[in-house]
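Here is a note for a colleague who works at the bench and would like a reading of the cysteines, a surface patch and a pocket. Please keep the structure open while going through the points.

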Amino acid sequence: MTGLRQRKGSKGKEPPLSGEFQSQQSNCCTDHHPEKILQGDWSWGAIIWTSVGWSVSVGLGLLCCIYMATLHENDLWFSNIKEVEREISFRTECGLYYSYFKQMLQAPSIQEGLSDLIHDNLTESKRTINLLQRMNIYQEVFLSVLYRLLPIQSFLEPVYFYIYTVFSLQAVYVIALYLTAWLLSGSWLAGTLTGVWYILNRVDTTRVEFTISLRENWSLPFLALQVTAITCYLRPRLTALQQKVMVWLMYVTTFCFCLTWQFNQFILLVQALIIYTLDCVDFLTTAQVTTLYVVQVSGLLSVWLLQFCNSMILGSLVLSFIVAALFVRHCQTGLKTGNLLVRLGKLLLHSAMVLLLTFTINYVAKKALQLRSDEHIFKFIKSKFALGPTRDFDASLYLCEEAFGLLPLDTLERLAGTLLLYPYTLTVLLLSGMLAVAALQNMSKAKGGSAEERKGAGVARAVAFRPDVAYNLLHTLFYGLLAFSTMRMKYIWTGHMCAVAAYGICGTEMWTLLLNALRCNSKVLLRLLRYAVPLVMIGWLYYKFWPKIMEELSELREFYDPDTVELMTWISTKTPKQAVFAGSMQLLAGIKLCTGRVLTNHPHYEDKDLRERTRQVYQVYARRSPEEVYDILRAAGADYVVLENSICYERRHRRGCRLRDLLDLANGHIMDGPGENDLDLVSATHPRFCEAVKTDTAAYTSLFTRTFQNKTFHVYRVKKKRKKSTKSSPEPSETQ
């Protein structure tokens with residue numbers, strides 16, 4: 001049984017600023033930002049203070065990296081288990097992705113390895129697919145090429161090169177969050193507090209130590225770097241050269257983020273909505289909005305080219321939205337004129353036109369491209385909010401997983417236990433109020449046609465609000481809503497949450513408001529609070545959590561899954577190398593990695609034909625006749641089918657969410673066990689296949705032969721000879 005067992009002053013040009021806005025910027029710049037030296041401040045104080053800040057950021061990043069690597073080693077005893085056990089530890093889709101790194105290393109040459117990925121006929125039986133087009137595995141390709149070229153083969157195993165790279169990206173993630181907090185607050189103590197919070201809230205900020213190969217573990221560090229680059233780009237007092245550097249950094253980080261995660265388009269869509277919102281309430285200039293949109297489009301199109309013109313990118317909602325937003329914005333030249341009510345009316349009309357044009361463009365693009373790869377995502381969204389059918393098999397697979405449910409309340413309890421939730425909530429509430437007031441004043445005092453013109457005219461604003469702060473505030477709000485609706489998305493939110501909370505503690509806004517309310521505001525007291533409070537909090541967190549971390553690091557376990565090891569060993573030694581295996585997506589990914597055998601289906605679910613084949617193969621857990629199951633497996637080219645007791649007799653999910661229940665509902669059959677059933681469901685005419693095949697009756701032994709079994713798995717060979725009475729195949733055969 002699977003488990004773990006116990007083992008023993010700037011010189012750059014800028015547009016004129018006005019009133020309190022200029023005053024706020026001046027106060028802010030009295031601290032030492034990470035780009036201060038680049039702006040010409042070469043005083044000893046600036047050099048020393050900035051150097052210390054950068055050193056602390058690197059130190060915290062390395063600490064996080066070592067912490068994650070140590071936890072991974074302690075949980076699995078990774079350095080001492082067998083190679084097959086190491087590979088089995090790459091669970092579900094992680095094993096599939098790592099298998100391509102292994103495949104590239106085993107190829108005779110880099111060119112042949114790339115050719116095998118482009119013309120792959122092992123991942124899906126009876127089909128030849130382009131893996132570089134279908135999946136986001138360029139990181140595996142890059143690492144395999146790098147490992148081949150570097151002189152490290154003699155002292156570093158490939159698996160360690162792979163996992164250490166992913167853990168190193170966690171260091172990059174922490175450094176990026178650190179820099180964002182530093183840029184916002186002007187104090188690297190905010191970055192320090194951010195890094196400490198990220199590490200202490202490991203359970204909610206990352207899951208890299210046990211899901212190493214997941215695409216999000218590769219991509220989120222680049223997303224954090226992109227947010228840092230955007231934050232710096234939106235700061236005032238940047239020279240033209242510095243702005244160009246930031247634009248290129250934004251492009252590179254956006255490109256890397258999009259290249260490493262298949263869900264990039266949905267994340268960028270949220271980001272595009274943030275940019276659109278800031279544009280509507282006049283916090284960004286026309287040039288800034290256009291630049292940010294162009295960076296997003298350029299990153300997506302670059303990935304589109306590298307992925308052999310993947311139509312899913314062209315049909316993405318974010319591209320349609322950006323095109324629509326830019327087009328409508330260009331046509332409505334008088335959008336930002338008039339009084340408040342007039343502008344609100346224009347804004348509603350403008351937004352309605354943008355949404356209408358977005359869905360029109362997207363519909364036309366998907367029809368023209370015949371794109372249906374991402375329809376399961378929209379089915380999931382419709383079902384989640386009760387806007388569509390609830391019996392759809394693909395949507396139900398997502399809805400029944402805890403990771404795609406609502407954010408559990410115990411998450412907030414854990415975040416509150418590290419003192420993260422309280423300053424974050426206060427900061428968001430305070431900044432949201434200031435943002436709303438500033439937005440209303442921007443819209444009510446708009447006399448010109450653009451933000452540049454109003455700044456040039458010296459129009460005073462009673463409440464100033466920095467665009468970099470506004471962007472980060474909307475970022476945490478939008479992604480917070482996403483996290484509350486879908487728990488898996490919390491990892492995008494919680495990391496940035498640390499930076500926002502640290503900015504609230506070390507920035508000026510919250511303390512200025514408090515001191516003004518107490519009528520004791522002074523520069524000395526403000527500076528004292530901004531430095532003393534974070535130091536006290538860091539000291540308290542160290543006192544409370546350091547012993548717990550040491551205790552956690554002292555817990556030693558080891559990988560223990562003898563049944564799966566026995567299965568993989570049997571497949572490797574007792575079956576032909578070209579044998580085709582059918583079974584659950586999660587198990588087949590491990591079979592691909594450990595044995596190199598051909599699969600009928602796999603966990604990368606972004607293809608309509610594959611989703612249909614998976615649903616058909618899963619009929620081995622439904623109430624279907626042996627002839628029907630035989631036809632399905634032979635149509636998929638399967639030579640062997642692996643049945644898992646943990647699925648056939650599943651108890652992990654509630655009734656209605658077990659895989660066999662989802663299949664029964666999709667087939668119109670009454671579910672197992674006590675409980676209500678919909679009136680239109682009928683009793684099945686056949687027993688459940690995964691149970692009945694074990695009886696070895698003639699109807700089953702004539703089509704299937706049991707070749708392997710243990711406590712967890714039963715493997716049956718699908719006989720080649722087809723019975724004359726069998727029905728036509730539910731899936732047409734294809735030439736491999």
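The numbered points below take up these topics in turn.

1. The coordinates come from a predicted model, and the values in this note should be read with that in mind. A search of the whole structure turns up two disulfides, and when the bonded cysteines of the chain are numbered in sequence order, their pairing reads 1-3, 2-4.

2. One disulfide is formed by Cys-400 and Cys-657, with an S to S distance of 2.1 Å. This pair links distant parts of the chain, 257 residues apart: Cys-400 sits in the loop between helix H19 (393-399) and helix H20 (409-417), while Cys-657 sits in the loop between helix H31 (645-648) and helix H32 (659-667). The torsion about the S-S bond of Cys-400 and Cys-657 is about -75°, and the disulfide is therefore left-handed. Cys-400 and Cys-657 are both buried.

3. The other disulfide connects Cys-648 with Cys-690, at an S to S distance of 2.0 Å. Cys-648 belongs to helix H31 and Cys-690 to helix H33 (residues 689-692), so this link ties together parts of the chain that are 42 residues apart in sequence. The link of Cys-648 and Cys-690 is right-handed, with 80° about the S-S bond, and both of these cysteines are buried.

4. Are Cys-309 and Cys-520 buried, exposed or partly exposed? Cys-309 has a relative accessible area of 41% and is partly exposed; Cys-520, with a relative accessible area of 32%, is partly exposed as well. The cut-offs behind this reading are under 20% for buried and over 50% for exposed, with partly exposed in between.

5. On the surface, a nonpolar patch is made up of Trp-44, Ile-48 and Val-52, which together have about 350 Å² of accessible area. Ile-48 of this patch is placed in helix H2 (residues 44-76).

6. The second largest pocket has a volume of about 1000 Å³. Its lining comprises 32 residues, of which Phe-266, Leu-269, Leu-317, Phe-378 and Ile-381 are the closest to the centre of the pocket. At least two lining residues are supplied by each of helix H13 (264-280), helix H16 (317-331), helix H17 (340-369), helix H18 (375-384) and helix H23 (467-485). Which helix gives the largest share of the lining of the second largest pocket? That share comes from H17, which contributes seven residues.

Conventions
Residues numbered from 1 in each chain as written. Predicted model: local features only at pLDDT ≥ 70, side-chain atom pairs only at ≥ 80, totals over all residues. Heavy atoms only, no water. Disulfide = S-S within 2.5 Å. Helix = DSSP H or I, 4+ residues; strand = E, 2+ residues; numbered from the N terminus. Buried < 20%, exposed > 50% of the residue type's maximum accessible area, 1.4 Å probe, protein only. Patch = residues over 30% accessible without salt bridge, like charges linked within 9 Å, V, L, I, M, F, W, Y side chains within 5 Å. Areas by Shrake-Rupley, 256 points an atom, 1.4 Å probe, with all protein chains shown as cover. Salt bridge = Lys/Arg side-chain N within 4 Å of Asp/Glu carboxyl O. 1 Å grid on protein atoms, 1.4 Å probe; cavity = no way out; pocket = protein on both sides within 12 Å on 5 of 7 lines; lining within 4 Å. Points joined across faces, edges and corners; volume = space filled by probe spheres on them.
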